[in-house]
Amino acid sequence: MQYRIPSLNGYFLQTQASPSQRSFQGCMQLIQVDDHLADLMAVERGMLGAFENVSLDMCAIIDRCLPNHCEHGGRCTQTWDIFSCSCDGTGYTGATCHTSLYEQSCEAYKHLGKYSDVYWIDPDGSGPLGPFRVFCNMTEDKVWTTVVNNLPAQTAVSGSSRERRTMLQLNYSATMEQISAITDGADHCEQHITYTCRSSRLLNTPDGTPYTWWVGRGNEKHFYWGGSGPGVQKCSCGIEHNCIDPKHYCNCDADQKQW
Ligand SMILES: [Ca+2]
């Protein structure tokens, strides 16, 4: 005799019974015996086969993984009686992968007596925001949380023109929602971009159109650079009135031959 159990629309669940007691638990349809459809009416009348606990015309399986009660992308598996969650690689633990494995902030790691290092943080704890890696600098009284980007420490920019602009994309080790979760709760937030230049126009003349800008998270352009402030179309030397060429508000615009 040959068994062929159709997988289409069929279920077969693991059982916790010992192998000697193990029997089929699940639902079957279109059962064929020797290539002939089994007469399930005859089965029902007890005229065919020997069985117990068989229900016809109903599939009594409860799918315990639908809806999936495992949180944060935990993988659900089930037996006839229970479901369980595999939380591997999710950053969460517990029966339903609800509890975060990580602290919510660098401050929390400092309170645990940890030292400056790279840590995973989960700013909203068991909330939906995923954990991510940051550098926690705990050398000062205030704790600094640094989110790193993927650009090397120095990136060369040359030969840029109005027609062929050079654009550098910063990709951080966290999504914008994750970064916002840190910055919204921070006392102070800063980012620093340094532009080292030679024969390079940055802001053009005080009245001219800026040649260079950076784009913020709201997709808005900014025309201020290291040490200056929002809305000020100057470098820090322009604010402090100590630019090499006083006609310009930025040393990069002075067409100097040295860096
Ligand atoms: Ca979370």
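Q: Which residue of E11 stands opposite Phe 135?
A: In this predicted model, the partner that stands opposite Phe 135 is Thr 146 in E11. The two strands involved, E10 (residues 132-137) and E11, run antiparallel and are joined by 3 bridges. E10 and E11 also form a hairpin, with 6 residues between them.

Q: How many strands does the open sheet with E10 have, and in what order do they come?
A: The open sheet has 3 strands, which follow the order E9-E10-E11 with antiparallel pairing. Strands E9 (117-121) and E11 (144-146) stand at the edges, and because each has a single partner strand, one side of each is left without a neighbour in the sheet. From one strand to the next, the twist averages 40 degrees. On the E9 side of E10, the two strands run antiparallel and are joined by 5 bridges, and there Ile 121 stands opposite Phe 132 in E10.

Q: Which side chains along E10 point to one face, and which to the other?
A: The general idea is that the side chains of a regular strand alternate between the two faces of the sheet. Along E10 one face takes Phe 132, Val 134 and Cys 136, which are buried, whereas Arg 133, Phe 135 and Asn 137 point to the other face and are not buried.

Q: Where does Pro 128 lie, and is Pro 128 buried or exposed?
A: Pro 128 is placed in the loop between E9 and E10. To judge its surroundings, one counts the other C-beta atoms within 10 Å, and a residue with 12 or fewer is called exposed; Pro 128 has 8 such neighbours and therefore counts as exposed. A separation along the sequence can also be set beside a separation in space: Pro 128 and Glu 71 are 57 residues apart in sequence, while their C-alpha atoms are 8.6 Å apart.

Q: How do strands E5 and E6 pair, and over how many bridges?
A: Strand E5 (residues 75-78) and strand E6 (residues 83-86) pair in the antiparallel sense, over 4 bridges. A hairpin of 4 residues joins E5 to E6, and in this pair Arg 75 stands opposite Ser 86 in E6.

Q: What is the peptide bond from Leu 66 to Pro 67, and what can be said of the phi of His 72?
A: As a general background, most peptide bonds are trans, and most residues other than glycine have a negative phi. The bond from Leu 66 to Pro 67 is cis, with omega near 0 degrees, and Pro 67 belongs to the loop between helix H1 (40-44) and E5. His 72 is not a glycine, yet it has a positive phi of about 55 degrees, and its place is likewise in the loop between H1 and E5.

Q: Which other histidine has a positive phi, and is His 241 buried or exposed?
A: His 241, also not a glycine, has a positive phi of about 55 degrees, and this residue lies in the segment after helix H4 (236-239). With 8 other C-beta atoms within 10 Å, His 241 is exposed, whereas His 72, with 22 other C-beta atoms within 10 Å, is buried.

Q: Which residues make up the largest nonpolar core?
A: In soluble globular proteins, nonpolar side chains tend to be buried together. Here the largest nonpolar core has 10 residues, including Leu 202, Leu 203, Tyr 224, Trp 225 and several cysteines such as Cys 235 and Cys 250. Leaving out residues up to four places away in sequence, Cys 250 touches Leu 202, Leu 203, Lys 234, Cys 235, Cys 237, Gly 238 and Cys 243. Apart from the largest core lies another of 7 residues, among them Cys 106, Tyr 109, Phe 132 and Ala 174.

Q: How many helices and strands does the chain have, and what share of its residues counts as buried?
A: The secondary structure comes to 4 helices and 13 strands, and of the 259 residues 15% count as buried. Among contacts between residues at least 6 apart in sequence, 34% join residues at least 24 apart.

Q: Where is confidence lowest and where is it highest?
A: Across the chain the mean pLDDT is 83, and 89% of the residues reach 70 or more. Confidence is lowest in strand E1 (residues 11-12), at a mean of 52, and highest in strand E7 (residues 92-93), at 98. Over residues 6-10 the pLDDT stays under 50, and for this stretch the model has 8 contacts beyond four places in sequence.

Conventions:
Residues are numbered from 1 along each chain as its sequence is written. This is a predicted model: local features need pLDDT of at least 70, side-chain atom pairs count only at pLDDT 80 or more; totals for chains, interfaces and linings use all residues. Two strands pair if DSSP finds at least two bridges between them. A nonpolar core is a set of buried Ala, Val, Leu, Ile, Met, Phe, Trp, Tyr and Cys residues joined through C-beta atoms within 7 Å. A residue is buried if 20 or more other C-beta atoms lie within 10 Å of its own, exposed if 12 or fewer, and partly exposed in between; C-beta atoms are placed from the backbone. Two residues are in contact if their C-beta atoms, placed from the backbone, lie within 7 Å. Axes are lines fitted to C-alpha atoms, for helices over the stretch in contact, and angles run from 0 to 180 degrees between N-to-C directions. pLDDT is the predictor's confidence in each residue, from 0 to 100.
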